[in-house]
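Student: I would like a close look at one part of this protein rather than a tour of the whole. Please keep to what the coordinates show.

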Amino acid sequence: MTTADPDASALRNACAKRIDKRTRGHFNDCPWLREAFLDVPREHFVPAQVWIEEEDRVAVLNRAEQPREWLQAVYRSKQLLVTQIADGRVHPGDEVTEADIFTSSISCPAVVVDMLHYLAPQPGGQVLEIGTGTGYSTALLCHRAGASNVVSIEIDEGLAQTARDKLHQLDLHPLVVAGDGEEGYADRGPYDRIISTAAVREVPQAWLHQAHEGTVIITPIDTPFGCDGLLRLVCDGRGSAQGRLHDGLLFMKLRGQRERRRYADLGWPEWNQIEVSVSPEGLRTRFDTS
């Protein structure tokens, strides 16, 4: 699976080399992931018109009018490309206001790679992806697990169909379902790996019940620290899971979890429950929830 565009191939290789410099997560100890990244043409999945944030404004990149700039943005390792605003009510050319939230995107290459690193899908393993979006991450999962083992759910029917078409054009045929990802997809469970490309405020119970013992869940989760955290959970097969946060990042929320909630109601400690100690070895913190 390669692209015939030599410029895209060169930019993809250059992007991979930039990601190579990251010493934790990413391509480290995952040769399959680097191979998949180089083999899957990211530009194939990016819409011809996307939005990017530039300082204090949101700008439109149009492939037909700015082909070089558009392709460079596709392979900028830390560049988020917004593909939908306000659930599709804002179109390229419309004025974007502070009230218009980003509702779909193709995450920057470094974040996509990092999430798949921690997910660690295996050949032949059953994978559930929440949030198909453009279908790019889905293609990378197919490369590793096999398309017949991948189920991807997208709440926006139009996005689901576009992603399905893009995947089929590369002869990839995972099951792409238009539906609410919070409910998972029980018909094909239990899964070995579950990944969400949208942030949650609380992990849906359906995901836990569609996992068996040892299933890994990767999802961004809203935190009280000014960013989302990349959460990796390992399930016990009985509806519970344990894990830890790996990195700070920013993600759009699942459509059903956009409404803000008190962190204390979600299980996070209050600020006065964070204990701090300082010594010659440096600063140490811990949560005291007693």
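In what kind of crossing, left-handed or right-handed, does helix 2 pass helix 4? Please describe the surroundings of helix 2 as well.

Tutor: The model is predicted. Helix 2 passes helix 4 in a right-handed crossing. The two helices pack at an angle of about 145°, and their axes lie 10 Å apart. On the helix 2 side, the contact is made by Trp 32, Leu 33 and Phe 37; helix 4 contributes Pro 109, Val 113, Leu 116 and His 117. By class, the residues of this contact are six nonpolar and one polar, with no charged residue.

The spacing of such residues follows from helix geometry. An α-helix has 3.6 residues a turn, so residues three or four places apart point the same way.

Helix 4 covers residues 109-119, and 11 of its 11 residues are buried, so helix 4 is largely enclosed by the rest of the structure. The buried residues of helix 4 include the four that meet helix 2, namely Pro 109, Val 113, Leu 116 and His 117. Asp 114 of helix 4 is also buried, as are Met 115 and Tyr 118. Just after helix 4, Ala 120 takes a positive phi of about 50°.

Helix 2, residues 31-39, also packs against helix 5, residues 136-145. Here the angle is about 125° and the axes are 10 Å apart. That angle makes helix 2 oblique to helix 5. This crossing, too, is right-handed. From helix 2, the contact uses Trp 32, Glu 35, Ala 36, Phe 37 and Asp 39; from helix 5, it uses Tyr 136, Leu 140, His 143 and Arg 144. These residues divide into five nonpolar, one polar and three charged. Trp 32 and Phe 37 of helix 2 therefore take part in both contacts, the one with helix 4 and the one with helix 5.

As for the setting, the protein has seven helices and 13 strands. Its radius of gyration is 19 Å, close to the 19 Å that the globule rule gives for 290 residues, so the protein is as compact as a globular protein of that length. The C-alpha trace spans about 60 × 45 × 40 Å along its principal axes. Buried residues make up 48% of the 290 residues. Of the contacts with a separation of 6 or more, 58% join residues 24 or more positions apart.

Notes:
Residues are numbered from 1 along each chain as its sequence is written. This is a predicted model: local features need pLDDT of at least 70, side-chain atom pairs count only at pLDDT 80 or more; totals for chains, interfaces and linings use all residues. Side-chain values use heavy atoms; hydrogens and water are left out. Axes are lines fitted to C-alpha atoms, for helices over the stretch in contact, and angles run from 0 to 180 degrees between N-to-C directions. Angles under 35 degrees count as roughly parallel, over 145 as roughly antiparallel, 65 to 115 as roughly perpendicular and the rest as oblique. A crossing is left-handed if the near helix is turned anticlockwise from the far one by less than a right angle, and right-handed if clockwise. Contact means heavy atoms within 4.5 Å. Ala, Val, Leu, Ile, Met, Phe, Trp, Tyr, Cys and Pro count as nonpolar, Asp, Glu, Lys and Arg as charged, and the others, Gly among them, as polar. Buried means under 20% relative accessible area, exposed over 50%, partly exposed in between (1.4 Å probe, protein chains only). The radius of gyration is taken over C-alpha atoms; the globule rule is 2.2 Å times the number of residues to the power 0.38.
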